[in-house]
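Here is my note on the structure, as requested. Please read it with the coordinates open.

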Amino acid sequence: MTRSATALFSLLILLALLAAPASAQDKKTQRIYDRVAKLQESGKHDKALEMLNKSFTEALPEQARLLKVKSLVATDKAKDAFALLVEVKDSSDNIKNELAAVALKLPKHPVKVTSTPEGADVFVDGKKVGTAGGNFELVPGWHTIELMKKGYKRQTQTIFVDPAKAAFMSATLPARIGSVQVTVDQEGLKARVNGQTTALGKGTTKIEGVQAGQHKVEFVNAKGETVHTANIDVPAGGETTASFAKFGVIRPSSKGATLELIPEEGAAKKEGAEDEEKEKNELRLEPGTYTVVLREPGNYPVKGTINVKAGQDQTL
């Protein structure tokens with residue numbers, strides 16, 4: 001026999017010797033499992049537990065653990081059985097399935113759920129159960145909890161409810177934001193949206209970073225007085241508009257024509273009506289009824305009355 005053949009033969013013998021004790025141990029362990037199973041079949045769960053505890057003094061193999069759980073449940077020790085499974089709750093599907101089954105035999109456990117901002121809707125495993133800020137009674141085991149609030153991004157967490165420990169979930173919901181295009185026809189106003197105040201110029205001002213959802217826009221003058229309000233619904237990631245017009249505008253329909261406002265006898269000049277007595281190609285007036293003269297080159301002047309509405313452009 002060559003040297004290499006002799007070495008290979010020695011290695012095979014060594015492997016056989018190493019495998020033999022393991023095989024014998026496996027057979028011994030299986031005999032224990034069989035005896036425990038027979039004790040359980042005959043309802044002798046206390047003896048089954050005694051045999052398992054005596055036979056496995058260190059780490060429990062999965063099969064031994066499942067057998068022990070069965071006898072613990074049968075002897076009204078579901079809480080102990082659950083704790084035994086929790087030790088290895090992520091090890092295999094068999095353990096996970098048994099964990100779920102044992103959990104149903106236990107009383108529900110309170111779970112404290114809070115949210116920032118407050119008042120988010122709470123969904124447990126897809127079902128709405130209430131509003132954040134309180135305790136919810138849940139079956140021990142894994143649960144998926146979602147927090148939802150209009151104007152904010154949904155937050156989801158998977159938690160494990162262990163009856164031996166306090167259970168809670170807390171999450172901050174990031175705000176969904178959009179923008180508002182605010183249009184006014186005068187200077188000196190401010191817009192107040194959700195506590196945020198923005199100075200406005202005549203024309204359109206864009207207000208960014210507004211929380212999505214329904215809000216009230218307050219138009220405030222230099223005296224701090226609210227002169228107008230508008231309700232808006234800001235879309236997440238989108239834009240909406242709000243406007244306030246104090247004046248209406250009258251323009252002549254033909255090029256080169258002018259308009260002349262005829263003031264009422266004894267009437268005081270209205271705010272924003274400077275120079276209204278002069279001929280102009282545009283009249284900017286507060287709402288009301290006015291007498292106006294239209295002058296077109298080559299034609300006789302035409303006098304008439306017109307009803308002015310805020311924010312409305314009209315032609316004569």
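The points below cover the surface, one helix, the backbone and the charge pairs.

1. Status. This is a predicted model. Please read every value below as computed from that model.

2. Positive patch. Lys-27, Lys-28, Arg-31 and Arg-35 form a positive patch on the surface. Lys-28 sits in helix H1, which spans residues 3–41. Lys-28 is partly exposed, because its relative accessibility is 46% and the partly exposed class runs between the 20% and 50% cut-offs.

3. Helix H5. Which residues of H5 are buried? They are Ile-95, Leu-99, Val-102 and Ala-103, in a helix that covers residues 93–103. Viewed down the axis of H5, these buried residues stay within an arc of 100°, so they line one face of the helix. An α-helix has 3.6 residues a turn, so residues three or four places apart point the same way. Asp-93 and Asn-97 are exposed, on the face of H5 turned away from the buried side.

4. Strand S1 and what follows. Ser-115 belongs to strand S1, residues 109–116. Ser-115 counts as buried because its relative accessibility is 8%, and buried means under 20%. The C-alpha atoms of Ser-115 and Leu-173 are 7.2 Å apart, while the two residues are 58 apart in sequence. A cis peptide bond links Thr-116 to Pro-117, with omega at about 0°. Pro-117 is placed in the loop between S1 and strand S2 (121–124).

5. Positive phi. Two residues deserve a look here. Asp-76 is not a glycine, yet its phi is positive, at about 60°. Asp-76 lies in the loop that runs between helix H3 (62–74) and helix H4 (78–86). Asp-76 is exposed, with 73% relative accessible area. Asn-194 is not a glycine either, and its phi is positive at about 55°. The loop between strand S9 (190–193) and strand S10 (196–199) holds Asn-194. Asn-194 counts as exposed at 53% relative accessibility, since exposed means over 50%.

6. Salt bridges: overview. How many salt bridges does a search of the whole structure find? The search gives 9. Side chains of opposite charge can pair when their charged atoms come close. Three pairs and one network are set out next.

7. Lys-128 with Asp-121. Their side chains form a salt bridge, at 3.5 Å from N to O. Lys-128 is partly exposed at 48% relative accessibility. Asp-121 is partly exposed too, at 27%.

8. Glu-146 with Arg-154. The closest N and O atoms of this salt bridge are 3.1 Å apart. Is Glu-146 buried or exposed? Glu-146 counts as buried, because its relative accessibility is 17%. Arg-154 is partly exposed, with a relative accessible area of 45%.

9. Arg-251 with Glu-282. This salt bridge has its closest N and O atoms 3.0 Å apart. Arg-251 is in strand S15 (residues 248–251), and Glu-282 is in the loop between strand S16 (258–262) and strand S17 (283–285), so the pair ties together parts 31 residues apart in sequence. Arg-251 is partly exposed at 30% relative accessibility. Glu-282 is partly exposed at 29%.

10. Network. Lys-206, Glu-208 and Glu-239 are joined into one network by salt bridges that share partners.

Notes:
Residues are numbered from 1 along each chain as its sequence is written. This is a predicted model: local features need pLDDT of at least 70, side-chain atom pairs count only at pLDDT 80 or more; totals for chains, interfaces and linings use all residues. Side-chain values use heavy atoms; hydrogens and water are left out. Patches are made of residues with over 30% relative accessible area and no salt bridge: like charges are joined within 9 Å, nonpolar side chains (Val, Leu, Ile, Met, Phe, Trp, Tyr) within 5 Å. Accessible areas come from the Shrake-Rupley method with a 1.4 Å probe; for residues, only the protein chains shown count as cover. A salt bridge is a side-chain nitrogen of Lys or Arg within 4 Å of a carboxyl oxygen of Asp or Glu. Lys and Arg count as positive and Asp and Glu as negative; His and the chain ends are not counted. The place of a charge is taken as NZ of Lys, CZ of Arg, CG of Asp or CD of Glu. Helices (H or I, at least four residues) and strands (E, at least two) are DSSP runs, numbered from the N terminus. Buried means under 20% relative accessible area, exposed over 50%, partly exposed in between (1.4 Å probe, protein chains only). The arc is that of the directions from the helix axis to the C-beta atoms.
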